[in-house]
Amino acid sequence: NGGDPNFGRIAQAAGQAMSGSHFAVDIAVEGIQVMSAGAEVPLSDVEQAALHSAVQAPEVEFDLTIPGEGGETEVFFSDLSQAYVSANADYTT
């Protein structure tokens, strides 16, 4: 909904979920690598434009890779609009 490829929030949430463990994540947004080993990947102007365009889509794929062996999971989440939140907060049942 916000159309902002703020991958730092994704990395921060993953860190919290790992109970304070220190690790270096890789993050790609719609196939564009934006973080590698915990550091931001510098993007060219063309890549930056492609990233901003990609996050305007109704569905956006963020790939988060945490080093080490283990399982794999797929998580779906929603970015609710202010209009949706307001419409559902303005009445009682």
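Good morning; this short presentation walks through a helix, a sheet and a surface patch in the structure shown above. Please note that the model is a predicted one.

I begin with helix H1, which covers residues 7-17. Which residues of this helix are buried? They are Phe-7, Ala-11 and Ala-14. Viewed along the axis of H1, these buried residues lie within an arc of 60°, and they therefore line one face of the helix. The face pointing away from that buried side bears Arg-9 and Gln-16, both of which are exposed.

What does the buried side of H1 pack against? Its buried residues meet four strands: S1 (26-29), S2 (32-36), S3 (39-40) and S4 (62-65).

This brings me to the sheet. The four strands make an open sheet, with antiparallel pairing, in the order S3-S2-S1-S4. S3 and S4 occupy the edges with a single partner strand each, so one side of each has no neighbour in the sheet. Between S1 and S2, the antiparallel pairing runs over three bridges. Within the sheet, Ile-27 is placed opposite Met-35 of S2.

Finally, I turn to the surface. Met-18, Leu-64 and Ile-66 together make a nonpolar patch of about 210 Å². Where is Ile-66 found? It belongs to the loop that lies between S4 and helix H3, residues 82-89. Is Ile-66 buried or partly exposed? Its relative accessibility is 31%, and because buried means under 20% and exposed means over 50%, Ile-66 counts as partly exposed.

That concludes the presentation; thank you for your attention.

Definitions and conventions. Residues numbered from 1 in each chain as written. Predicted model: local features only at pLDDT ≥ 70, side-chain atom pairs only at ≥ 80, totals over all residues. Heavy atoms only, no water. Buried < 20%, exposed > 50% of the residue type's maximum accessible area, 1.4 Å probe, protein only. Helix = DSSP H or I, 4+ residues; strand = E, 2+ residues; numbered from the N terminus. Arc of directions from axis to C-beta. Contact = heavy atoms within 4.5 Å. Pairing = 2+ DSSP bridges. Patch = residues over 30% accessible without salt bridge, like charges linked within 9 Å, V, L, I, M, F, W, Y side chains within 5 Å. Areas by Shrake-Rupley, 256 points an atom, 1.4 Å probe, with all protein chains shown as cover. Salt bridge = Lys/Arg side-chain N within 4 Å of Asp/Glu carboxyl O.
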